[in-house]
Amino acid sequence: MTVEEALKSFGEGEFLDEFGYILGIDMSENGDLAAEDFTAVTEGVCGISADLSPRVVIRDFVDGDRAVPVSERAEIRLDLLLISGDGVQEMILDSAEKGVPLRCVYMSGGGVAFLGNMLVSAAPSAPSEIYGIMVKAVFSAC
């Protein structure tokens, strides 16, 4: 289901944040889809939140000689129950394991709040209170 279809079909749900935003991932081979055509992340989602406020952090270079201020803008947190065979979840976990960025969109019916590359910088998993395995994925703009 595309992000646009999901926003039209569902007025509210666990996969929407409190302001009606949804996360989508470009699953095309070429990475050239329009934002509304990204695949909506809906299966197994138990919660989603985002911090899109601008902030600056200091990053040290590996050589340790100098530090540089880096602007960081977006972080999206996604709680989801693992569902075997779900292609979107597999792509998220694969990104976390291999460090490969995903082209993501975070949007509502009112427009796009974020569109760009994101790394799944953390994806710890643990047994869920409900059932199955819960993954708490953190997407960070890169």
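## Strand partners in a predicted model

Among contacts between residues at least 6 apart in sequence, 57% in this protein chain join residues at least 24 apart. Keep in mind that the model is predicted. Grab the structure and let's work through it.

**Exercise 1. Find how many helices and strands the protein chain has, and in what order they run.**

Step 1: Count the elements. You should get two helices and 10 strands.

Step 2: Walk along from the N terminus. The order reads α-β-β-β-β-β-β-α-β-β-β-β.

**Exercise 2. Work out which sense β3 and β6 pair in, and over how many bridges.**

Step 1: Locate the strands. Strand β3 covers residues 45–51, and strand β6 covers residues 75–81.

Step 2: Check the direction. The two pair in the antiparallel sense, over six bridges.

Step 3: Pick out one facing pair. Gly47 stands opposite Asp79 in β6.

**Exercise 3. Follow Asp79 across to β10 and name its bridge partner there.**

Step 1: Find the next strand. Strand β10 spans residues 133–141 and runs antiparallel to β6, with seven bridges joining them.

Step 2: Look across from Asp79. Its bridge partner in β10 is Lys136. Asp79 also stands opposite Gly47, so you can step from Gly47 to Asp79 and on to Lys136.

Step 3: Try another residue. For Ile76, the bridge partner in β10 is Phe139.

**Exercise 4. State how many bridges β10 makes with β8 and how many with β9.**

Step 1: Start with β8, residues 111–122. This strand pairs with β10 in the antiparallel sense over four bridges. One pair to look at is Leu119 with Ser140 of β10.

Step 2: Move to β9, residues 125–127. Here the pairing with β10 is antiparallel again, over three bridges. Ser125 has Val135 as its bridge partner in β10.

Step 3: Look at the link between β9 and β10. This hairpin has five residues between the strands, and Gly132 takes a positive phi near 75°.

**Exercise 5. Give the buried share of the residues and the area that the protein chain exposes.**

Step 1: Use the cut-off for buried, which is under 20% relative accessible area. Of the 142 residues, 34% count as buried.

Step 2: Turn to the surface. The protein chain exposes about 8200 Å².

Step 3: Ask which atoms supply that area. Carbon and sulfur atoms account for 50% of it.

Methods. Residues numbered from 1 in each chain as written. Predicted model: local features only at pLDDT ≥ 70, side-chain atom pairs only at ≥ 80, totals over all residues. Heavy atoms only, no water. Buried < 20%, exposed > 50% of the residue type's maximum accessible area, 1.4 Å probe, protein only. Contact = heavy atoms within 4.5 Å. Areas by Shrake-Rupley, 256 points an atom, 1.4 Å probe, with all protein chains shown as cover.
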